[in-house]
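Here's a quick briefing on charge pairs and nonpolar packing. Have a look at the model first, then go through the notes below.

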Amino acid sequence: MTERTQISGEIYRFMKAKLNVYIDEFHPDIKEDDVFMCYRADQAAQVYSEYIDKGHNRKDAEEHAVEVLYEDL
């Protein structure tokens with residue numbers, strides 16, 4: 001596993017955990033929708049990685065990723 005792949009996996013797990021907390025609190029009815037949860041976490045992790053790759057700092061990257069994570073919820 002490359003360092004990049006490991007970091008991407010960590011970001012994905014972080015985003016999924018963040019989404020789980022939010023869903024537990026505000027939308028428990030969709031907690032069991034694994035496809036949705038995985039898709040959103042993956043999309044957010046991709047946005048985070050793209051912002052970092054473009055030279056943005058981690059705080060800005062996370063802010064943009066969270067927008068994707070919680071979109072329309």
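Let's start with Lys59 and Glu63, which form a salt bridge whose closest N and O atoms are 3.4 Å apart. Keep in mind that this is a predicted model. The count of salt bridges comes to 3, and the other topic here is the largest nonpolar core, with its 15 residues.

**A pair inside one helix**

- Lys59 and Glu63 both sit in helix α3, 4 residues apart, so about one turn of the helix separates them.
- Lys59 is exposed, at a relative accessible area of 58%, because the cut-off for that label is over 50%.
- Glu63 has 40% relative accessibility and counts as partly exposed.

**A pair between two helices**

- Glu62 makes a salt bridge with Lys18, and the closest N and O atoms there are 3.5 Å apart.
- Glu62 belongs to helix α3 (residues 58-69) and Lys18 to helix α1 (residues 3-26), so this pair ties together parts that are 44 residues apart in sequence.
- Both ends are partly exposed: Glu62 has a relative accessible area of 27%, and Lys18 has one of 25%.

**The Asp24 and Lys31 pair**

- Asp24 and Lys31 meet through their side chains in a salt bridge, at 3.4 Å from N to O.
- Asp24 is partly exposed at 45% relative accessibility, and Lys31 is partly exposed too, with a relative accessible area of 25%.
- As general background, side chains of opposite charge can pair when their charged atoms come close.

**The nonpolar core**

- Which residues touch the most other members of the largest nonpolar core? They're Met15, Tyr48 and Ala65, out of 15 residues in that core.
- The elements giving two or more residues to this core are α1, α2 (34-53) and α3.
- Helix α2 gives the most, with 7 residues.
- In soluble globular proteins, nonpolar side chains tend to be buried together.

**Around Tyr48**

- Leaving aside neighbours within four places in sequence, Tyr48 is in contact with Ile11, Met15, Arg58, Ala61, Glu62 and Ala65.
- Two names on that Tyr48 contact list, Met15 and Ala65, also turn up with Tyr48 among the core residues that touch the most other members.
- Glu62 is on the Tyr48 list as well, and Glu62 is the residue that pairs with Lys18 in a salt bridge.

Terms used. Residues numbered from 1 in each chain as written. Predicted model: local features only at pLDDT ≥ 70, side-chain atom pairs only at ≥ 80, totals over all residues. Heavy atoms only, no water. Salt bridge = Lys/Arg side-chain N within 4 Å of Asp/Glu carboxyl O. Buried < 20%, exposed > 50% of the residue type's maximum accessible area, 1.4 Å probe, protein only. Core = buried A, V, L, I, M, F, W, Y, C linked by side-chain atoms within 4.5 Å. Contact = heavy atoms within 4.5 Å.
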